[in-house]
Amino acid sequence: MKTVAITTLGCKTNQLDSAVMEESLRAGEFRLTDFFEHADVYIINTCTVTHKSDFQSRQLIRRAKRQNPDAKVIVAGCYAQVSPEEVAKIEGVDYVIGNTGKFDIAGILGSEVRGQAKITTTNILREREVKGFKVSTFSGHTRAFLKIQEGCQAFCSYCIVPYARGGSRSVKPAEVMDGLKRLVDEGYREVVLTGTHLGYYGEELRPATDLLSLAKAIDKEFPKLRVRISSLEPTEITDEFIDFLSTSSAVCSHLHIPLQSGDDNILKAMNRRYTSSFFVSVIEKVVGKVTDIGTGADVIVGFPGEGEGEFLNTYNLLKRLPVSYLHVFPYSKRKGTQAALFLNHVHPDTIKKRCELLRELSEEKKREFMGRFVGSVVSALVEGKRDTGSGLIKATTRNNLHLQVRCDTGMRNQEISVVVADREGRAVKS
């Protein structure tokens, strides 16, 4: 029995793709092992959002060959999709597989390759179906992920994703419901709905539908399940969606809403389709309508043309907004995007300092949000993993409070009532 090791770079969608590959390999009677152990086959499921991601992928390829010079090395995913010829030239690579072929990984491993790396990619922009969304188990995870949408055609000026994932296509509602039932039957109490651009869900289906209609159907069919929506653009959070979220029993009171910049000129250069004032209005509506909701935002720091004034517009906007955390990303020039050709690129040292300021602000926001619940009883799903610092068990609430609970590891995957003890997230069973 051949041993296979998989490592994953990038987003939740890529993590889900790796879980699909793992499941197909187990069915094919391969034995999975840790990537940093000796294996017969190494699979690197790559990201290509930044040049750093590509560099990390190349590092992992070389590490795999050091661990076992005779191993077969397969490079899959977004880097392989966007730059297959470049990847194929890396010493030690046997297969280069794009974002559709990787779901036939068991069949590919049954073939042999000699000499030059074999490239298996398709024209991703012509893809019309979502592949690799059927998976029933997630090794080591309490929550499950269900891909309901793939691809994006927004073409933000900094982003390579449409060329890596293709245009938007959706999983039919009936198949989504079947997928949820399968995961519930496997014992999962929380499922995260993922996609490249979830707000596009259902547009191209016939009959056409949308995410709100799907969410309402899920709420009716699975009222006791915790369903989390991974990310939505501000323009896609309508008043009707907010009203639904305020009364939903299944969909968690947690939204992650990309901002990217709080300066209108930068937003325009990014090809984002909203203004900073519109973003503020959405956050205020959501927080005002949905009780105790947790809200997060993505921010890109150091986009070309971002001077001190533009950065302060972003910082001050976020400081006054009731968001509960930030995901901060330093801008990285990406070949193949419009922004790579822009002038006025920001010095890396400046980007680093600005990132530090926003990450400090994010920590303040987290403590402030947690502080609202100190002394309160909340419901949290026990993950079963111990926090490395405190030794306590990790647990997560529906509104995305990350807690550390003094309880038994045997309570894993149970939703329990706890009292939040402090702003750092320590909690005790109620």
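Helices here are DSSP runs of at least four residues, numbered from the N terminus. Keep that in mind as you work through this predicted model.

## Exercise 1: Lys268

Task: Find the helix that holds Lys268, and decide whether Lys268 is buried or exposed.

Solution:
- Step 1. Look up the helix: Lys268 lies in H10, which covers residues 264–269.
- Step 2. Compare with the cut-off: a residue is exposed if its relative accessible area is over 50%. Lys268 has 69%, so Lys268 is exposed.
- Step 3. Check a partner in space: the C-alpha atoms of Lys268 and Cys156 are separated by 9.7 Å, although their positions lie 112 residues apart along the chain.

## Exercise 2: His197

Task: Where is His197 found, and is His197 buried or exposed?

Solution:
- Step 1. Locate His197: this residue sits in the loop that follows strand E10 (190–194) and comes before helix H8 (211–221).
- Step 2. Apply the cut-off: buried means under 20% relative accessible area. His197 has 10%, so His197 is buried.
- Step 3. List the surroundings: apart from neighbours within four places in sequence, His197 is in contact with Gln149, Gly151, Cys152, Ala154, Glu233 and Glu236.
- Step 4. Pick out one of these residues: the side chain of Glu236 makes a polar contact of 2.5 Å with the side chain of His197.

## Exercise 3: The open sheet

Task: Work out which strands stand at the edges of the six-stranded open sheet, and which helices pack on the sheet.

Solution:
- Step 1. Read the order: the strands run E2-E1-E3-E4-E5-E6, and their pairing is parallel.
- Step 2. Go to the edges: E2 (31–33) and E6 (118–120) each have a single partner strand, so one side of each has no neighbour in the sheet.
- Step 3. Add the twist: on average, neighbouring strands of this sheet are turned by 20° against each other, direction ignored.
- Step 4. Zoom in on one pair: three bridges link E1 (residues 3–8) and E2 in the parallel sense. Thr3 stands opposite Arg31 in E2.
- Step 5. Place helix H1: residues 12–27 form this helix, which packs on the sheet and touches E1, E2 and E3 (41–46). The direction of H1 makes about 170° with that of E1.
- Step 6. Place helix H2: this helix spans residues 51–67 and packs on the sheet, touching E1, E3 and E4 (72–77). Its direction makes about 175° with that of E3.

## Exercise 4: Strand E15 and its partners

Task: How many bridges join E15 to E18, and how many join E15 to E16?

Solution:
- Step 1. Take E18 (residues 415–420): five bridges join this strand to E15 (residues 377–386), and the two run antiparallel. Val377 stands opposite Val419 in E18.
- Step 2. Take E16 (residues 393–397): four bridges join this strand to E15, again antiparallel. Leu381 has Thr396 in E16 as its bridge partner.
- Step 3. Look at the turn: the hairpin of E15 and E16 has six residues between the strands, and Gly391 takes a positive phi near 80° there.

## Exercise 5: The whole chain

Task: Which radius of gyration would a compact globule of 430 residues have, and what does the chain have?

Solution:
- Step 1. Start with the inventory: the chain holds 13 helices and 19 strands.
- Step 2. Compare the values: a compact globule would be near 22 Å, and the chain has 22 Å, so the two agree.
- Step 3. Add the box: along the principal axes, the C-alpha atoms fill roughly 60 × 55 × 50 Å.
- Step 4. Finish with burial: 54% of the 430 residues count as buried.

Methods. Residues are numbered from 1 along each chain as its sequence is written. This is a predicted model: local features need pLDDT of at least 70, side-chain atom pairs count only at pLDDT 80 or more; totals for chains, interfaces and linings use all residues. Side-chain values use heavy atoms; hydrogens and water are left out. Buried means under 20% relative accessible area, exposed over 50%, partly exposed in between (1.4 Å probe, protein chains only). A polar contact is a pair of N or O atoms within 3.5 Å; within protein, one must be able to donate a hydrogen and the other to accept it, and residues adjacent in sequence count only if both atoms are side-chain atoms. Contact means heavy atoms within 4.5 Å. Two strands pair if DSSP finds at least two bridges between them. Axes are lines fitted to C-alpha atoms, for helices over the stretch in contact, and angles run from 0 to 180 degrees between N-to-C directions. The radius of gyration is taken over C-alpha atoms; the globule rule is 2.2 Å times the number of residues to the power 0.38.
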